[in-house]
Amino acid sequence: MDVFIHAVVLAFGLILPLGVQNVFIFNQGLTQKKYLHALPAIITAGISDTLLIGAAVGGMSLILIQWPILTHVLYAAGSLFLLYMAWGLWKSSASSDKAPTAMSAGRQIAFAASVSILNPHALLDTVAVIGTSSIQYAGGERMYFTVTTMAVSWIWFLGLAAAGSVVGNHDRTGHLRIVLNRISALIMVGIALMMCWRLFNS
């Protein structure tokens with residue numbers, strides 16, 4: 001029971017803060033005409049987190065400790081990547097007063113994967129927090145800890161998109177969708193600047 005509580009609290013602690021991934025999943029639930037149409041983004045984000053958690057528990061943190069230069073490369077590349085995506089989002093939301101069109105399944109998958117796996121801030125936090133926390137467990141307990149953190153991630157994304165769908169049904173003008181795109185762009189810029197700060201101070 002202690003393992004379960006630890007895993008749930010830890011997983012929610014990482015996933016609850018407002019971030020690019022959360023805003024994107026909520027936005028897809030809000031933008032798509034039907035909840036099921038947001039499943040490509042939900043499934044991609046869930047699979048991405050599952051892979052990251054698996055890598056973290058599997059010892060990826062040891063690789064980063066042995067090769068600290070990799071962390072610097074991830075921060076540098078990730079900062080540029082997030083700034084580019086932020087510029088694209090802001091430009092698309094500012095170019096028209098009309099409600100943004102719903103993303104296709106292919107674009108959802110590509111975007112969800114990029115803000116999940118290619119986001120060094122999320123990657124390093126997952127590896128550092130979940131990876132190091134899993135060391136205290138062994139055998140069945142470690143597997144239980146891993147599966148629980150993965151399950152929390154999936155449940156959160158499903159619920160987040162559902163909340164977006166409910167809000168979207170009441171957003172007749174589409175203004176909220178534009179605002180969310182701009183919020184997402186600002187969050188990307190903020191995270192990119194924070195990664196630059198960590199890079200220069202490391």
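Me: In this predicted model, what distance apart are the end C-alpha atoms of α2?
Reply: Helix α2 has 12 residues, and at 1.5 Å a residue these should span 16 Å. The expected span takes one less than the number of residues. The model agrees with that expectation, as the end C-alpha atoms of α2 are apart by 16 Å.

Me: Is α2 largely enclosed by the rest of the structure or exposed, and how many of its residues are buried?
Reply: The buried residues of α2 include polar ones such as Gln21, Asn22, Asn27 and Thr31. Val23, Phe24, Ile25 and Leu30 are buried too. The helix is largely enclosed by the rest of the structure, because the buried count is 12 of the 12 residues.

Me: Which residues is Gln28 in contact with, leaving aside its neighbours within four places in sequence?
Reply: Gln28 is found in helix α2. Its relative accessibility is 4%, so Gln28 counts as buried, the cut-off being under 20%. Leaving aside neighbours within four places in sequence, Gln28 is in contact with Ala38, Ala41, Met103 and Gln108.

Me: Which residues does Ile25 contact, leaving aside its neighbours within four places in sequence?
Reply: Ile25 is one of the buried residues of α2. It is also among the residues with the most contacts inside the largest nonpolar core. Beyond four places in sequence, Ile25 is in contact with Ala41, Ile42, Ala45, Phe157, Leu160 and Ala161.

Me: How many residues of the largest nonpolar core come from α8?
Reply: The largest nonpolar core has 35 residues, and Phe24, Ile25, Phe111 and Met188 have the most contacts inside it. Helices α2, α3 (39-66), α4 (68-94), α5, α6, α7 and α8 (175-201) each supply at least two residues of this core. The largest share comes from α8, with 7 residues.

Me: Which residues does the second, separate core include?
Reply: Apart from the core of 35 residues, there is a second, separate core of 9 residues. Two of its members, Val3 and Ala7, are among the buried residues of α1. The residues of this second core include Val3, Ala7, Ile53 and Val57.

Me: How many aromatic pairs are there, and which residues form the stacked pair at 4.6 Å?
Reply: The count comes to 3 aromatic pairs. In one of them the centres are 4.6 Å apart with 25° between the planes, and planes under 30 degrees apart count as stacked. That pair is formed by Phe24 and Phe111.

Me: Why does the pair of Phe24 and Phe111 tie together parts that are apart in sequence, and how many residues lie between those parts?
Reply: Phe24 is buried at a relative accessible area of 5%, and Phe111 is buried at 14%. Phe24 lies in helix α2 (residues 20-31) and Phe111 in helix α5 (residues 105-116), so the pair ties together parts that are apart in sequence by 87 residues.

Me: What is the angle between the planes of Tyr137 and Phe145?
Reply: Both Tyr137 and Phe145 are buried. Their rings form a tilted pair, 5.3 Å centre to centre, and the angle between the planes is 35°.

Me: Over the face of which residue does Arg182 lie?
Reply: A charge sits over a ring if CZ of Arg is within 6 Å of the ring centre and within 35 degrees of the ring normal. Arg182 is at 5.5 Å from the ring centre, and the residue whose face it lies over is Trp90.

Me: Which residues does Val8 touch, not counting those up to four places away in sequence?
Reply: Val8 is found in helix α1 and is buried, with a relative accessible area of 18%. Val8 and Val152 are 144 residues apart in sequence, yet their C-alpha atoms are 6.6 Å apart in space. Not counting residues up to four places away, Val8 touches Thr148 and Val152.

Me: Is Ala128 buried or partly exposed?
Reply: Ala128 lies in helix α6, and its C-alpha is 7.4 Å from that of Ala56, 72 residues away in sequence. Its relative accessible area is 39%, so Ala128 is partly exposed.

Me: In which helix is confidence lowest?
Reply: The protein chain averages a pLDDT of 80, and 87% of the residues score at least 70. Confidence is highest in helix α7 (residues 139-168), at a mean of 91. It is lowest, at a mean of 73, in helix α6.

Methods: Residues numbered from 1 in each chain as written. Predicted model: local features only at pLDDT ≥ 70, side-chain atom pairs only at ≥ 80, totals over all residues. Heavy atoms only, no water. Phe/Tyr/Trp six-rings, centres within 6.5 Å; stacked < 30°, edge-to-face > 60°. Helix = DSSP H or I, 4+ residues; strand = E, 2+ residues; numbered from the N terminus. Buried < 20%, exposed > 50% of the residue type's maximum accessible area, 1.4 Å probe, protein only. Contact = heavy atoms within 4.5 Å. pLDDT = per-residue confidence, 0-100. Core = buried A, V, L, I, M, F, W, Y, C linked by side-chain atoms within 4.5 Å.
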